[in-house]
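Work through the exercises below in order. Try each task before you read its solution.

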Amino acid sequence: MRRTVGALLRKELLVELRTFESVPGMSLFAVTTFVVFHFALNRSSVEGDLAAGILWVTLLFAAILGANRLFVADADQGGFDGFLLAPVDRSAMMVAKVLTMLAYLVVLELVAVPAFAILLLGPPLGPALPQLIAVLALGDIGIAVIGTLVGALAVQTRARDLLGPLLALPLLVPIVIGGARATAPLLAFSHAGGVPARWLLTLGLYDLIFGLIAYALFDFLLED
Amino acid sequence: MYGKGLRSLSIVTVAAMALALSLVFFYAPLEAEQGFLQKIFYIHVPLAIIALCGFVVGALFAIAHLRTRDSSWDMRSYVTIHMSLIFAVGALITGSIWAKGSWGHWWVWNEPTLVSFLIVFLLYATYQPLRFAIEDPERQSRYASVFAITAGAFVPMNFIAVRLSTAYLHPRVLGGTSNLPGSMRLTFMVSLAAVTLLFVTMCKYELTAKHTRAQVRALRRRLVGEDGSPARRGRTAVPAMGTQAAGRSGL
């Protein structure tokens, strides 16, 4: 299992490194969205819950962009067929795809969060950074799991570009709630205390439940 | 096979609905603050409860479908979710009317139950488009079941998250049935039972209709051959249940 996941993950990252299909697009999208937010809100700096909302909405949409592309190569160029012919555990593909998506998200945030701090964020990011990373990590796991599941669901449909976001957005509302509420005090000028534990708990619970569900259900999306 | 007992079930449902409505209008006391408007509670809350239960039951049927690969479970899951969606629309509309009447706005964001209900509704609104976008009937039913199970698990999770996110601005007067006076509770229970019956009856009707149509199609195909009846004209969101089974038993 671990070797299969490793091989699949290597293949995914290699494909991405050679084509640069998803991650640059996602990062560019995030930065452009910050610019759009600047003009749409007519503000030069934001803080508190507004800042948290902008950050999470941008990350979410960029992530959905990536999730939509996650399985396209496999569906169009026979990746699924090749994988199904191999005598390996099918869940390995799910784990590998979640890890790929996580890697995409980490790179995306490495670009988007500094860009956000420079372009829009009023208060300094420095002191809140460790807590912000913890919240983002918890949110990323949930987004990666849902993104993988929805990506696999949507890729076999005809209207895949439309259905993917339609399915993913409502499913990710709890992540936005938890993430934005947990991040809001970190991005405020009067940075008081830490993240309320209940939001971290909500995010963690969400990750756990949907991780298990996706793991249990992914096999059914692959057999043909 | 699905039509058995449909007539008696329909009669019981009509009687229960009549009883519930007469209790609502003639027996239940007027609530002190909201007056007549509060009576929408007896329709709105059962609709919402049954719609949510229907979504979860649809997920259970979907689990049964994935375990047994029996397409009749997929049909049950489809019908349950379909009917729940209709009930959910009813719950959203009545909830909106109630909110307008008691708080003066058509929509209130600080009522967690209403908000989570909307999110769940938006999620399930993609169920039909998802089915519609997959042409292969076998894959369609499999993917729909995966979606139904994920969404079914999402229902309670979403309620927890939204409930946490809302500061309790409104005192939850009608939060539980335990603090209702006796006559109101009786009316509510009867309404709940009536709406449940209505849900079950409607589902049974739809199941019977779908099953009968599939049987008729299979019979006609036996009679005039494959091209006599174009089996599934174009794409469809409806599960392809019964066609193979009926055809097989006929041959």
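Two residues are in contact if their C-beta atoms, placed from the backbone, lie within 7 Å. Helices (H or I, at least four residues) and strands (E, at least two) are DSSP runs, numbered from the N terminus. A residue is buried if 20 or more other C-beta atoms lie within 10 Å of its own, exposed if 12 or fewer, and partly exposed in between; these C-beta atoms too are placed from the backbone.

This is a predicted model: local features need pLDDT of at least 70, side-chain atom pairs count only at pLDDT 80 or more, and totals for chains, interfaces and linings use all residues. Residues are numbered from 1 along each chain as its sequence is written, while chains are lettered from A and ligands numbered from 1 in the order in which they are written.

**Exercise 1. Find the two faces of α1(B).**

Step 1: take the helix. α1 of chain B spans residues 6-27, 22 residues in total. From its first C-alpha to its last it reaches 30 Å, close to the 32 Å expected at 1.5 Å a residue. The expected span is 1.5 Å times one less than the number of residues.

Step 2: list the buried residues. They are Thr13(B), Ala20(B), Leu23(B) and Val24(B). Seen down the axis of α1(B), they fall within an arc of 95°, so they line one face of the helix. The arc is that of the directions from the helix axis to the C-beta atoms.

Step 3: turn to the other side. Exposed residues there include Arg7(B), Ile11(B), Phe25(B) and Phe26(B).

Step 4: look for the cover. α2 (41-68) and α7 (182-224) of chain B are among the elements over the buried residues of α1(B).

**Exercise 2. Repeat the analysis for α2(A).**

Step 1: α2 of chain A covers residues 23-41. Its 19 residues reach 27 Å, close to the expected 27 Å.

Step 2: Val23(A), Met26(A), Ser27(A), Ala30(A), Thr33(A) and Phe37(A) are buried. Their arc around the axis is only 115°, which puts them on the same side of α2(A).

Step 3: why can residues spaced along a helix share a side? An α-helix has 3.6 residues a turn, so residues three or four places apart point the same way.

Step 4: the face turned away from the buried side carries exposed Val35(A), Val36(A) and Phe39(A). The cover over the buried residues includes α1 (2-19), α3 (48-69) and α6 (91-119) of chain A.

Step 5: go just past the helix end. Asn42(A) takes a positive phi of about 55°.

**Exercise 3. Place Ser45(A) and Asp76(A): buried or exposed?**

Step 1: Ser45(A) lies in the loop between α2 and α3 of chain A. It counts as exposed, with 12 C-beta neighbours inside 10 Å.

Step 2: check its partners. Not counting residues up to four places away in sequence, Ser45(A) touches Leu120(A), Leu121(A) and Gly122(A). The C-alpha atoms of Ser45(A) and Ala117(A) are separated by 9.4 Å, though the two are 72 residues apart along the chain.

Step 3: Asp76(A) is found in helix α4 (residues 72-76) of chain A. With 10 other C-beta atoms within 10 Å, Asp76(A) is exposed. Asp76(A) and Val155(A) are 79 residues apart in sequence and 9.3 Å apart in space, C-alpha to C-alpha.

**Exercise 4. Describe the side of chain B that touches chain A.**

Step 1: count. 25 residues of chain B are in contact with 24 residues of chain A.

Step 2: name the elements. α4 (112-124), α5 (127-132) and α6 (137-165) of chain B each give two or more residues. α6(B) gives the most, with 16 residues.

Step 3: sort by class. This side has 19 nonpolar, four polar and two charged residues. Ala, Val, Leu, Ile, Met, Phe, Trp, Tyr, Cys and Pro count as nonpolar, Asp, Glu, Lys and Arg as charged, and the others, Gly among them, as polar.

**Exercise 5. Summarise chain B and judge its confidence.**

Step 1: chain B has eight helices and zero strands. Buried residues make up 38% of its 251 residues.

Step 2: pLDDT is the predictor's confidence in each residue, from 0 to 100. Chain B averages 83, and 85% of the residues score at least 70.

Step 3: find the extremes. Confidence is highest in α2(B), at 93, and lowest in α8(B) (residues 243-250), at a mean of 40. Over residues 243-251 of chain B the pLDDT is below 50. Where pLDDT is low, the predicted coordinates should not be read in detail.
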